[in-house]
Amino acid sequence: MKEDNCLHAALICLGMLCYSHAVTTEKLNHARPSLHGHHEKGKEGQVLHRSKRGWVWNQFFVIEEYTGPDPVLVGRLHSDIDSGDGNIKYILSGEGAGIIFVIDDKSGNIHATKTLDREERAQYTLTAQAVDRNTNRPLEPPSEFIVKVQDINDNPPEFLHENYHANVPERSNVGTSVIQVTASDADDPTYGNSAKLVYSILEGQPYFSVEAQTGIIRTALPNMDREAKEEYHVVIQAKDMGGHMGGLSGTTKVTITLTDVNDNPPKFPQSVYQMSVSEAAVPGEEVGRVKAKDPDIGENGLVAYSIIDGDGVDMFEITTDYETQEGVVKLKKLLDFETKKSYSLKVEAANVHIDPKFISNGPFKDTVTVKISVEDADEPPVFLKPSYIFEVQENAASGTVVGKVHAKDPDAANSAIRYSIDRHTDLERYFMINAEDGNIKTIKALDREEIAWHNISVFAVEVHKQHQEAKVPVAIKVVDVNDNAPKFAAAYEAFVCENARSNQQFITISADDKDDSANGPRFIFSLPPEIIHNPNFTLRDNRDNTASVLVRREGFSRQKQDLYLLPIVISDGGLPPMSSTNTLTIRVCGCDSNGSLLSCNAEAYVLNAGLSTGALVAILACIVILANLLFFSLVIVVLFVTLKRQKKEPLIVFEEEDVRENIITYDDEGGGEEDTEAFDIATLQNPDGINGFIPRKDIKPEYQYMPRPGLRPAPNSVDVDDFINTRIQEADNDPTAPPYDSIQIYGYEGRGSVAGSLSSLESATTDSDLDYDYLQNWGPRFKKLADLYGSKDTFDDDS
């Protein structure tokens, strides 16, 4: 093939060269200029000279992709003024001049030095000129010409995509368009058949075909079934040279998928389904599942289930699980094994979406029989009612029957039932129940005014199966009995003016009854029979559960009587009615002419009637001021006496004030003669108590203590142990001995010690960061300490 192509290219090149040379020769001969010019006669006999072009040409041709050993001769430039003596020089300029195209400046031959590719550049524009070799003077005007690259079939067709994907519905008619594939050829479409493409199918027969000129792929077989085969792989070829031998070709792959249509009805894999359910199952519980298979997919495969017949239509229902495409059979009502032990259903499965094109393939539905057996379950007792409401009168005697509950065992065994009260609902134990027959009785009297309703729960348990129990709520209403008398609705206290008029109303009263409304209002107000003709006050029943108290006479006097007690009888509307006597307190008060209250004190009336109100106010103000001055004087005297008595005195009576300070300092760790020399034993001796008894002010001694002879050491004795032991014995045996403290300060551990002072007493002389503010919170007993130590900050702030 390669050798044939090279030979073909050589023949074409040779032909083109011959053609180019002939055309050039013909043109040169046709337009050869005259050396002497051309004479034309003018209008007036003047001879005109016109010079002609030395050469005229249109274009040259060169074959692309030439790979010969020598440069390709494109053409030859020659002027008729060239006598061959070498005085004319040919110059070439323009696109590719000197790089791709070179010219022999003597002969005018043009050669292509490089291999040309038409797909990169189809033509070149060049300019040729003949000049004098010695002077470079142009001998001919410059002239343009075109060098065209002649195409050869060196590019195969290429498709726009390496892989195509297309879809077509299953069951499509023959010739249904699937997809169009397109290829392109880089060769020159205007020259020969190098770019003329023809499409053909290499793989995919006999299902698909392709149009040779357009590349449109169409179905070639009828009724292609997606359920049989869903995907096809087709290979399409595009070939140039019109598809003839020697042309170049390219291929592409097309993946064609058949899309689903609803051409298959649902189908149950079996004719009968067996299921079972316990009678203890609750409504909504799943019993079982059925599934009709539909090979279609998507919405074409959606199936809806329904119960169309059977004796269990009212007891069961079916829903569709669209995720699994199953029909879910569920319980609709409670079952009873003892009543019916099995049910039968006829279930239908139908497509949701039906394609009218394939309606003839129907019907798109199927039916199946579902048999459901009911399993016996050990059921708990069942009360005849979901709840009970009973009534009992308050104050009923203990053992009064309230009501009866009843439960039974729904199982065939019909076990005996025992009853009990849930004591969490009857903490006060007002009721009891007969365990055999379910009768509820009172244990103690009930008070409606305390609890009007009792809500308890009763258990029913099978005798032989304690784990099987039922529970029912029981509401017990306490019926009211008229056992509470009405009383005043509030603690009334009335006021009547001394200048009150006859039949004047001064207060309205109402009543309250703890009993129910049937035994309470309406209230009847009256005065006791013994005071029905009370000369001072009278009562009027307003018949709206209130009563008004009125003045019967005029003129009341606080001097004679400032307080009246009026008994009032209140009766309710119960059967039998109950009543109570309530006392209304009425005070006599002074009022002005408009009836406004001034004073209710009887003493104020004793003052001289001739004094005006302003004078009375001034007298009262003076009395108040004098009383306040007297009160403050007494307070000052009491405080002075109290402070005098609380003055502290020493517990021990000394003849003279004994003020001594003796600080003993130890400079070494101890021992030896230095201690005895530095310590004076006399400092521990009380000079006032050596020879006698020291009395105490805080206690009274029961007897006089006499120190035992021989126990007191000499004042100047240096036997410290004996002295201390003696004083300890004296203190232990002397109940009247005063508290006596001696503080020894040890400044250092001893000579040469690297430690500093161990004394905590020295901290009082240094600036301490201790905070004593907490002493303020310890109460009055620590007030003194708080004032001493807690006032440092105050002093610092003042300074």
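Q: How are the four strands of the open sheet with mixed pairing ordered?
A: Strands of a sheet pair through backbone hydrogen bonds, either parallel or antiparallel. In this sheet the order is β27-β34-β33-β30, and the pairing is mixed. The edges are β27 (388-393) and β30 (417-421), each with a single partner strand, so one side of each has no neighbour in the sheet. From one strand to the next, the twist averages 30°. Strands are DSSP runs of E with at least two residues, helices are runs of H or I with at least four, and both are numbered from the N terminus. Two strands pair if DSSP finds at least two bridges between them. Axes are lines fitted to C-alpha atoms (for helices over the stretch in contact), with angles from 0 to 180 degrees between N-to-C directions.

Q: What kind of model is this?
A: The model is predicted: local features need pLDDT of at least 70, side-chain atom pairs count only at pLDDT 80 or more, and totals for chains, interfaces and linings use all residues. Residues are numbered from 1 along each chain as its sequence is written, and side-chain values use heavy atoms, without hydrogens and water.

Q: How many bridges join β30 to β33?
A: Five bridges join β30 to β33 (residues 453-462), and the two run antiparallel. Ser420 stands opposite Phe459 in β33.

Q: Which salt bridge does Lys471 form?
A: Side chains of opposite charge can pair when their charged atoms come close. Here Lys471 meets Asp422 at 3.5 Å, N to O; the criterion is a side-chain nitrogen of Lys or Arg within 4 Å of a carboxyl oxygen of Asp or Glu. This pair links distant parts of the chain, with Lys471 in strand β34 (residues 469-479) and Asp422 in the loop between β30 and β31 (431-433), 49 residues apart. The structure holds 20 salt bridges.

Q: Is Asp422 buried or exposed?
A: Asp422 counts as buried because its relative accessibility is 11%. Buried means under 20% relative accessible area, exposed over 50%, and partly exposed in between (1.4 Å probe, protein chains only). Of the 799 residues of the protein, 33% count as buried.

Q: Which residue forms a salt bridge with Asp541?
A: The partner is Arg522, with the closest N and O atoms of the pair 3.8 Å apart. Asp541 lies in strand β39 (residues 537-541) and Arg522 in the loop between β37 (505-512) and β38 (524-526), so the pair ties together parts 19 residues apart in sequence. Asp541 is partly exposed at 22% relative accessibility, and Arg522 is partly exposed at 36%.

Q: What is the order of the open sheet of three strands?
A: The order is β20-β23-β22, with antiparallel pairing. β20 (286-290) and β22 (316-321) are the edge strands, each with a single partner strand, so one side of each is left without a neighbour in the sheet. Neighbouring strands are turned by 25° against each other on average, direction ignored. β20 pairs with β23 (residues 326-331) over four bridges in the antiparallel sense, and the bridge partner of Val290 in β23 is Gly327.

Q: Which strands are joined to β17 by five bridges and by nine bridges?
A: Five bridges join β17 (residues 231-239) to β14 (residues 198-203), running antiparallel, and Val198 stands opposite Lys239 in β17. Nine bridges join β17 to β18 (residues 249-259), again antiparallel, and Ala238 stands opposite Gly250 in β18.
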